[in-house]
Amino acid sequence: MSANTTRYLELKDVRIAYREHGSGPVLLLLHGNSGSKEEFSKYQMLHFENFHTIALDSRGHGETVSSDLHLNIDMISEDVIGFCKAMSIDQAFVIGYSDGG
């Protein structure tokens, strides 16, 4: 899988943009406030070769599309849980910082 190809997943009120790369155990990469999945591109390609990495753009960031006027941590957390359920991910390692932590 190429980490340079953005894919989208439709949830009930948000269209999550994400990039995948590699194979192995799932490693979710969650950026902080004002960030995007772009921050993890180099790491996906060079440093996590033993993982199936998935870098998400959180609600209101990057290429993820929603109509929210306000964001909170509960919404962002629910999006990650919804993403995992929709992608049949029942176990994953997670790297995140700030709002993504």
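The largest pocket in this predicted model has a volume of about 180 Å³. Its lining is made up of 15 residues, and those closest to the pocket centre are Leu 30, Ile 76, Val 80, Asp 99 and Gly 100. If you want to find the pocket on screen, start from helix α2 (residues 73-86), which gives the largest share of the lining with five residues. In character the lining is mixed: six residues are nonpolar, five are polar and four are charged.

Let's step back to the chain around that pocket. Two helices and six strands make up its secondary structure, and from the N terminus on they follow the order β-β-β-α-β-β-α-β. Along the principal axes, the C-alpha trace spans about 40 × 25 × 25 Å. How does the radius of gyration fit a compact globule? For 101 residues such a globule would have a value near 13 Å, and the chain has 12 Å, so the two agree. Buried residues account for 42% of the 101 residues.

Now to the aromatic side chains. A search of the whole structure turns up three aromatic pairs. One of them joins Phe 40 and Tyr 97, with ring centres 6.5 Å apart and planes at 55 degrees; the pair is therefore tilted. This pair links distant parts of the chain: Phe 40 sits in the loop between β3 (26-30) and α1 (41-46), while Tyr 97 sits in the segment after β6 (93-96), 57 residues apart. The two partners also differ in burial: Phe 40 is buried, at 7% relative accessible area, whereas Tyr 97 is partly exposed, at 35%.

Phe 51 and Phe 93 form another pair, this one edge-to-face, with 5.7 Å from centre to centre and 80 degrees between the planes. Because Phe 51 lies in the loop between α1 and β4 (52-56) and Phe 93 in strand β6, the pair ties together parts that are 42 residues apart in sequence. Phe 51 is partly exposed, with a relative accessible area of 24%.

Charged side chains also meet aromatic rings here. The table gives two cases in which a basic residue lies over the face of a tyrosine.

| Charged residue | Ring | Distance to the ring centre |
|---|---|---|
| Arg 15 | Tyr 8 | 3.8 Å |
| Lys 42 | Tyr 43 | 5.4 Å |

Notes
Residues are numbered from 1 along each chain as its sequence is written. This is a predicted model: local features need pLDDT of at least 70, side-chain atom pairs count only at pLDDT 80 or more; totals for chains, interfaces and linings use all residues. Side-chain values use heavy atoms; hydrogens and water are left out. On a 1 Å grid over the protein atoms alone, a cavity is a set of points where a 1.4 Å probe fits but cannot get out, and a pocket is an open set with protein on both sides within 12 Å along at least five of seven lines; lining residues have an atom within 4 Å of a point. Grid points are joined across faces, edges and corners, and a volume is the space filled by probe spheres set on the points. Helices (H or I, at least four residues) and strands (E, at least two) are DSSP runs, numbered from the N terminus. Ala, Val, Leu, Ile, Met, Phe, Trp, Tyr, Cys and Pro count as nonpolar, Asp, Glu, Lys and Arg as charged, and the others, Gly among them, as polar. Rings of Phe, Tyr and Trp (its six-membered ring) pair if their centres lie within 6.5 Å; planes under 30 degrees apart count as stacked, over 60 as edge-to-face and the rest as tilted. Buried means under 20% relative accessible area, exposed over 50%, partly exposed in between (1.4 Å probe, protein chains only). A charge sits over a ring if NZ of Lys or CZ of Arg is within 6 Å of the ring centre and within 35 degrees of the ring normal. The radius of gyration is taken over C-alpha atoms; the globule rule is 2.2 Å times the number of residues to the power 0.38.
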